[in-house]
Amino acid sequence: MTATQDRVEDLREQLVAWRRHLHMNPEVGFAEHETAAYIEAELRKMPGLTVSRPTPTSVLAVLRGGQPGRTVLLRADIDALPIHEENTFDFASLKPGVMHACGHDGHTAILLGVAQLLSGEAANVPGEIRMIFQHAEEIGPGGAEELVMNTPLMDGVDVVTGLHLNSQLPAGVVAVKAGAFMAAPDTIELTIRGKGGHGAHPEETVDPIAVGAQVVTNLQHVVSRMVAAQDALVVSVTKFTSGTTHNVIPDTAELMGTVRTFDPALRERAPQLIERVVRGICDAHGATYDLRYEFGYRPVINTDHVAAQLREIALDVVGEGWYRDAKPTMGGEDFSAYLEKAPGAYFNVGSGSDDADSRWPHHHPRFTIDEASLDTGVRMLRAAALRLAQPE
């Protein structure tokens, strides 16, 4: 066992305590007041850190190392989701309707652990390590965008990295991918306006439910017939609301959904392709519509040379048997905002374990993590900080 592993082993109880406290006390995006106060208080116990609040619910810790080097930004997201937890362990959420269902409690505990280790070895740390505990990853326009646009967080940053726990990978695994890693998550909101009437006389109406059903079906033709098969595109209608009772055809139907892409050119085309389908169906049936298309986070496109460095670091930290080449995912992440300002890469650390019942998907009310993943995350993120901060 290496000296670093020994130090992380000594931290294990504290890592678990941090994670469980955060899990019990979740807060949604832009409302993480207690969470930020807790993080700030823990960081102020660590020597050598400059701690501040770039926004009311985010926390920044800066360590200026004793050796020459570059400026590295490490990021952890701290917000929870509006989901009612169904787990029954003794540290389940104390707040009905809110839970950490995506692993952000683990991300925060990991970065606190990295801060603890680095603060104890500042004389040997190269450059400057900035550690941002970021608010509001789960809710647009996103905390990362606010930090990048409205604060000096990224001034002078040479490289940025961060991790996401992944319940579909075994705890202990590290997975890295160069290039396109996570998709742009855009949103569509559609109101179809017909003409209501009696359910027994549909010929006197323009049924927005029937029109909406055709829209849902035909939007898949955008994917299968309007876009090249090798270009990744997801169009999912996830909400369909209309009507009040069994014998009344309503005036309107409201639909909501998500559009996921990697390619910027396809992302720009997608609203026109979708509206072409909506307009054609509504025109054919005498309905009108209002379509609102909102661009969300940009895709996460990892910088090739940073991803290559992280792969080398992972092989050193966990070994070849625990390394994986990550697969791209259509999930979105506002980490992309940092990549607009500096080269960097985002990577996965496995958090799944059959024994720990932790293979539930992210955003599920039974989601949890194998806490052994916290050790791997700390070792990997600490090593990344030290390696990436080395002078070129």
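**Two sheets, their helices and their cores**

Strand 5 (residues 159-170) is mostly covered, with ten of its twelve residues buried. This strand is a convenient place to enter the structure, which is a predicted model. On one side, four bridges connect strand 5 with strand 3 (residues 67-77), and the two run parallel. Within this pair, L73 stands opposite V160 of strand 5. Strand 5 is also joined to strand 16 (residues 344-352), here by eight bridges and again in a parallel arrangement. L165 and V349 of strand 16 face each other across that pairing.

These strands belong to an open sheet of eight strands, ordered 1-2-4-3-5-16-6-15, in which the pairing is mixed. Strand 1 (49-52) and strand 15 (323-325) stand at its edges; each has a single partner strand, so one side of each is left without a neighbour in the sheet. From one strand to the next, the twist averages 25°. An antiparallel part of the sheet is found where strand 2 (residues 59-64) meets strand 4, through six bridges. There, L60 stands opposite I132 in strand 4.

Helices pack on this sheet as well. Helix 2 (residues 33-43) touches strand 1, strand 2 and strand 4, and its direction makes about 20° with that of strand 2. Helix 3 packs on the sheet too, with contacts to strand 1, strand 2, strand 3, strand 4 and strand 5, and its direction makes about 155° with that of strand 3. Helix 3 (residues 104-119) is 16 residues long and spans 22 Å from its first C-alpha to its last, close to the 22 Å expected at 1.5 Å a residue. Of the 16 residues of helix 3, 15 are buried, so this helix is largely enclosed by the rest of the structure.

Two polar residues deserve a closer look. R130 is located in strand 4 (residues 126-134). With a relative accessibility of 12%, R130 falls under the 20% cut-off and therefore counts as buried. Where does the side chain of R130 find a backbone oxygen? A polar atom of that side chain lies 2.6 Å from the backbone oxygen of L153. Beyond its neighbours within four places in sequence, R130 is in contact with a series of residues including L60, A61, V62, T71, V72, L73 and L74, as well as P152, L153, M154, D155 and V157. R130 and A61 are 69 residues apart in sequence, yet their C-alpha atoms are 5.9 Å apart in space.

T151 sits in the loop between helix 4 (143-150) and strand 5. At 14% relative accessibility, T151 counts as buried. Its side chain reaches the backbone oxygen of L147 at 2.6 Å. Leaving out residues up to four places away in sequence, T151 touches P54, T55 and E146.

Turning to nonpolar packing, the largest nonpolar core has 65 residues, and those with the most contacts inside it are L43, I129, M131 and L310. Helix 9 (residues 372-388) supplies the largest share of this core, nine residues. I129, setting aside neighbours within four places in sequence, is in contact with A61, V62, L63, V72, L74, L118, A385 and A389. Another core lies apart from this one; it has 25 residues, among them V206, L219, V227 and V278.

The structure also holds an open sheet of four strands, in the order 10-12-8-13 and with antiparallel pairing. Its edges are strand 10 (233-242) and strand 13 (288-294); each has a single partner strand, so one side of each is left without a neighbour in the sheet. The twist in this four-stranded sheet averages 15° from one strand to the next. Nine bridges join strand 10 to strand 12 (residues 252-261), and these two run antiparallel. Across that pairing, S236 stands opposite T258 in strand 12.

Here, too, helices pack on the sheet. Helix 5 (residues 208-225) touches strand 8 (184-193), strand 10 and strand 12, and its direction makes about 170° with that of strand 10. Helix 6 (residues 264-285) touches strand 8, strand 10, strand 12 and strand 13, with its direction at about 165° to that of strand 13.

Definitions and conventions:
Residues are numbered from 1 along each chain as its sequence is written. This is a predicted model: local features need pLDDT of at least 70, side-chain atom pairs count only at pLDDT 80 or more; totals for chains, interfaces and linings use all residues. Side-chain values use heavy atoms; hydrogens and water are left out. Two strands pair if DSSP finds at least two bridges between them. Axes are lines fitted to C-alpha atoms, for helices over the stretch in contact, and angles run from 0 to 180 degrees between N-to-C directions. Contact means heavy atoms within 4.5 Å. The expected span of a helix is 1.5 Å times one less than its number of residues. Buried means under 20% relative accessible area, exposed over 50%, partly exposed in between (1.4 Å probe, protein chains only). A polar contact is a pair of N or O atoms within 3.5 Å; within protein, one must be able to donate a hydrogen and the other to accept it, and residues adjacent in sequence count only if both atoms are side-chain atoms. A nonpolar core is a set of buried Ala, Val, Leu, Ile, Met, Phe, Trp, Tyr and Cys residues joined through side-chain atoms within 4.5 Å.
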